[in-house]
Amino acid sequence: MSLTNVKSVSPAAGYLGGKRNLARRVCAIIQSVDHDGYAEPFVGMGGIFFRRSARPRFEAINDISGDVTTLFRVVRRHYQAFVDEMEWLPASREEFDRLRAIDPAGLTDIERAARFLYLQRLAFGGKIIGRNFGISTSSSARFNLARLRATLKAIRDRLQPVVIERLAYGDFIRRYDRPGMLFYLDPPYWNCESDYGAGVFERADFERLAEQLLEIRGKFLLSINDTPGARAVFSRFHMQAVDVTYSIATGATGNGKKAGELLIANFPLDGSPGATTGAETPS
């Protein structure tokens, strides 16, 4: 295995289903697997992709969201113009509501990327559908370009050798599957399929995804919430259960909620399939 060390980067904004609390464990598994190519069919804001500290010679990321892929293309190719576009945006409920009401299809790529990042930085819980303006009375505004500029520059540099795709997940997997490829998959959670918009991912897609993963020549690691349905659909693979505590800030305090996660792979994980591990420490 030949991996090159890279500096891990924080994602530019929150995203529904982000993997901050699982990142340390997932990245450790990824780094332990022999691979010379890495691909993510559901990259979102890159909660795992950017937090890895080593990369193979080939990487590809994918998301069906035009907002996500436009953001990454713009950061990579038009960093300065993108930063300039956001220079005077205030962290304001009125501005949030104004931008939320705009149809992104009528914007330029740079305007669309700026709108998306602004909304994701300020939206409560990283929501994509039904966004609401999030506040905290104990920290500075979450949209602060003076602090965000360094993160965006690091993301720009990290994306330079990376292929960026906007394909259906099945097409992406077929296109990039080969021996030596490692896929990390973070599909919508079970019972949360509609949270990403109508027709983006449906309950039947879990079965389609499981059938496709049975046939791939590469390896895969998948994370999903621990539910009877998910266990049944992916029962033919190795599983590892993980307890994770999630918190969503509400004002000056946060409410922690424990939730079960499943790590699923076509290679052995720690322990036998279905083994349960201890709680995950947030990273």
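**Reading the labels of a predicted model**

Me: Why is asparagine 191 called exposed?

Reply: In this predicted model, asparagine 191 has a relative accessibility of 54%, and the word exposed is kept for values over 50%, so asparagine 191 counts as exposed. Its place is in the loop between E6 and H8.

Me: What makes the phi of asparagine 191 worth a remark?

Reply: Most residues other than glycine have a negative phi. Asparagine 191 is not a glycine, and yet its phi is positive, at about 75°.

Me: How do you know whether proline 228 is buried or exposed?

Reply: The relative accessibility of proline 228 is 71%, and since the cut-off for exposed is over 50%, proline 228 belongs with the exposed residues. Proline 228 is found in helix H9, which covers residues 228–233, and its C-alpha atom is separated by 9.5 Å from that of tryptophan 190, although the two are 38 residues apart along the chain.

Me: Why are H4 and H5 described as oblique to each other?

Reply: Helix H4 (residues 93–100) and helix H5 (residues 109–122) pack at an angle of about 130°, and their axes are 10 Å apart. An angle of 65 to 115 degrees would count as roughly perpendicular and one over 145 as roughly antiparallel, and about 130° falls in neither range, so the pair is called oblique. The crossing of H4 and H5 is left-handed.

Me: Which residues make the contact between H4 and H5, and what are their classes?

Reply: From H4 come Glu95, Phe96, Leu99 and Arg100, while H5 gives Arg115, Tyr118, Leu119 and Leu122. Sorted by class, the contact of H4 with H5 has five nonpolar and three charged residues, and no polar ones.

Me: What makes the buried residues of H4 belong to the same side of the helix?

Reply: The buried residues in H4 are Glu95, Phe96 and Leu99. Around the axis they cover an arc of only 105°, and that is why they are placed on the same side of H4. The buried residues of H4 pack against H5.

Me: Why is H2 called roughly perpendicular to H5?

Reply: The axes of helix H2 (residues 66–77) and H5 come within 9 Å and cross at roughly 110°. Because the range for roughly perpendicular is 65 to 115 degrees, the angle lies inside it and H2 is given that name with respect to H5. This crossing, of H2 and H5, is left-handed. Among the residues that make the contact are Val68, Leu71 and Val74 of H2, together with Ile110, Ala113 and Phe116 of H5. In the whole contact of H2 with H5, the residues divide into seven nonpolar, two polar and five charged.

Me: How do you know that the buried residues of H8 line one face of the helix?

Reply: In helix H8 (residues 203–215), the buried residues are Asp205, Phe206, Leu209, Ala210, Gln212 and Leu213. Seen down the axis of H8, they fall within an arc of 165°, and therefore they line one face. The buried residues of H8 pack against helix H7 (169–176), strand E6 (181–185), strand E7 (219–225) and H9.

Me: How many helices and strands does the chain have, and how much of the chain is buried?

Reply: The chain has nine helices and ten strands. Buried residues, those under 20% relative accessible area, make up 48% of its 283 residues.

Methods
Residues numbered from 1 in each chain as written. Predicted model: local features only at pLDDT ≥ 70, side-chain atom pairs only at ≥ 80, totals over all residues. Heavy atoms only, no water. Axes fitted to C-alpha atoms, helices over the stretch in contact; angles between N-to-C directions. Helix = DSSP H or I, 4+ residues; strand = E, 2+ residues; numbered from the N terminus. Parallel < 35°, antiparallel > 145°, perpendicular 65-115°, else oblique. Left-handed = near helix turned anticlockwise from the far one by under 90°. Contact = heavy atoms within 4.5 Å. Nonpolar A, V, L, I, M, F, W, Y, C, P; charged D, E, K, R; others polar. Buried < 20%, exposed > 50% of the residue type's maximum accessible area, 1.4 Å probe, protein only. Arc of directions from axis to C-beta.
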